[in-house]
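User: I'd like a close look at one part of this model, namely its loops. Could you start with the overall picture and then zoom in?

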Amino acid sequence: MANTRELLFTGLLIFITVQLTLSISEEELHASYWNNKARQTLHTALTVQRSLKQAKNVILFLGDGMGLPTVTAARILKGQLAGKSGEETSLVMDTFPHVALSKTYNVDQQMPDSAGTATAYLCGVKANYGTLGVTAATPRSNCGATFGNEVESVLSRAKKAGKSVGIVTTTRVQHASPGANYAHTANREWYSDSDLPPEALQNGCRDIAFQLVNNTEINVILGGGREYMFSNTTSDPEYPTRTGARNDGLNLVEEWLRTKKNARYVWNKADFDAVNPSNTDFLMGLFEPKDCRYELERDPSMDPSLTEMMEKAIHILSKNPKGFYLFVEDNGRIDHAHHGGIAKKALYETVEFDRAIGRAAELTSELDTLTVVTADHSHVFAFGGHSARGNPVLGVSRSKASDKKNFTTAVYGNGPGYRNGIRPDMNEDISSGNNYLQQAPVPLDSETHGIEDVAIFAKGPMSHLFHGVHEQNYIAHVTAYAACLEPYENCELPPPSRAGAIHPSLLLLLMGFLLLSLSLLD
């Protein structure tokens, strides 16, 4: 028996050693590697220069529910999908020079929701849980308290200043996060008129979909949410057995198109791909009745990806010589996956979100575009345990729990993954499934948001103003100030350099030609 145990122990050591050998490069074993790496990072930090000019363009990337554990796990997953161990990988947002923390609480709640937080980072004022575009003087679901307490978003102020504006999301476009860009409502769930209670109808409150097409003229609107735009007698073009949700008989898409020139509405990938940005000034694309599908489940022949939607939006918006303001959200689906206790879907959504951030960097210049990446709130998602370098993000811990069973390194503090009775054993084949529910110690139908701070990543003009721990509403004030929008019209920032019109990739190409020419002269 003793010999058997020794053999098993020896085998385990060999296995761990092999795993470490596969995951760790030879150079990482030497001090010179880490010293050189740190020196390079130090040099970069010493050469970072503040961009003290006005931002022509502003892009706000919102990772709904993207807490720091989600960022870390997605970073490793990104590397592992590329065949690396993962830990050493960088997300695009990791490369932004300025990083800060955001305090996410709502005025009336320690644990925030996406509506109150969206009002903070988009309008500059903290609000109550479940309310959009209004101050905390508006209690949730009190329609009458809305009037006189409305607050204006930075997107709306950008439009008033002559910029083009857009919203791109993988949720319904009437959802809480995109909704705060244009809506003022006492309840985030008043998507269509059929959702309004008698008190709201009596007091003249309008649903969020109605406000989408009537409050602020938005150039690009891409995401889900078809059913809230059409009558309950109108069949959905993709799912004929489903109808719209409106009781008032309105066709809000037709209303939106009627007042615009060079405007297009699309609901599928083929029509979306056929849109030519050069002759399109307004584009509405609604690709699902409610939220768009998870990236893992998306049909690429029917629905565009977040990156594809964002790219089209930038091409349309960037035609405006006065610049643009663009809101991009993916973590609406990251948020939904976390609520469902399915870490794999949440992390794949985050990787796609980061891909969109990278593509935006290729399409814009850091000289004239302020790019901010943040989250509205976190989740009770945790990522830890005893795991060797390169351990799969969705894998199991190297050591077992006190009940002598395996456990995953990705877990939730509560949610639908609760197992009543004896906890089942676990292995990677099971935990890597697309619909696997991470185990949770507290039974809830829906996993909850977290309460801790979330990160802010920023680059471009005035991005250094993100520098410490901030109240979440500070984000809207920085984006408004950087672009010299209300109430900072007199910001006295110099205009962006004309060099901003040169694409960063072109600058690199020109530098390459210059170096090649110098080498030929030698």
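Analyst: Going by DSSP runs numbered from the N terminus (H or I over at least four residues for a helix, E over at least two for a strand), the protein has 16 helices and twelve strands. Its radius of gyration is 25 Å, close to the 24 Å that the globule rule gives for 522 residues, so the protein is as compact as a globular protein of that length. That radius is taken over C-alpha atoms, and the rule is 2.2 Å times the number of residues to the power 0.38.

A word on provenance: this is a predicted model, in which local features need pLDDT of at least 70 and side-chain atom pairs count only at pLDDT 80 or more, while totals for chains, interfaces and linings use all residues. Numbering runs from 1 along each chain as its sequence is written, and side-chain values use heavy atoms, with hydrogens and water left out.

Along the principal axes, the C-alpha atoms fill a box of roughly 80 × 75 × 45 Å. Buried residues make up 51% of the 522; buried is under 20% relative accessible area, exposed is over 50% and partly exposed is in between, with a 1.4 Å probe and protein chains only. Among contacts with a separation of 6 or more, 71% are between residues 24 or more positions apart, a contact being heavy atoms within 4.5 Å.

Now the loops. Take the one between helix 15 (474-482) and helix 16 (504-521), where Leu485 sits. Leu485 counts as buried, at 3% relative accessibility. Leaving out residues up to four places away in sequence, Leu485 touches Val154, Arg157, Ala158, Ala161, Lys163 and Ala480. Val151 is 334 residues from Leu485 along the chain, and their C-alpha atoms are separated by 15 Å. The same stretch has a backbone oddity: a cis peptide bond joins Glu486 and Pro487, with omega about 0°. Pro487 also belongs to the loop between helix 15 and helix 16. For context, most peptide bonds are trans, and most residues other than glycine have a negative phi.

That second point brings in the loop between helix 4 and helix 5, which holds Ser141. Ser141 is not a glycine, yet its phi is positive, about 75°. With 34% relative accessibility, Ser141 counts as partly exposed. Ala136 is in the loop between helix 4 (114-123) and helix 5 (154-160) too, and Ala136 is partly exposed with a relative accessible area of 28%. Not counting residues up to four places away in sequence, Ala136 touches Val107, Lys126, Ala127 and Asn128. From Ala136 to Asn149 is 13 residues along the chain and 8.3 Å between C-alpha atoms.

One more loop, between strand 11 (454-459) and strand 12 (469-471), contains Met462. Met462 has a positive phi as well, about 65°, although it is not a glycine. Its relative accessible area is 5%, so Met462 is buried.

Here's a bit of non-loop scenery to set beside those. Pro178 is in helix 6 (residues 176-179) and is buried, with a relative accessible area of 0%. Ignoring neighbours within four places in sequence, Pro178 is in contact with Ile167, Thr169, Thr171, Arg172, Val173, Phe327 and Glu329. Pro178 and Val328 are 150 residues apart in sequence, with 8.4 Å between their C-alpha atoms.

A search of the whole structure finds nine aromatic pairs. One of them is Trp256 with Phe282, edge-to-face at 6.3 Å centre to centre and 80° between the planes. Trp256 lies in helix 9 (residues 252-258) and Phe282 in strand 6 (residues 282-286), so the pair ties together parts that are 26 residues apart in sequence. The pairing rule takes rings of Phe, Tyr and Trp (its six-membered ring) with centres within 6.5 Å; planes under 30 degrees apart are stacked, over 60 edge-to-face and the rest tilted. Trp256 counts as buried at 1% relative accessibility, and Phe282 counts as buried at 10%.

Last, the outside: the accessible surface of the protein is about 23000 Å², with 55% belonging to carbon and sulfur atoms. Those areas use the Shrake-Rupley method with a 1.4 Å probe, and for residues only the protein chains shown count as cover.
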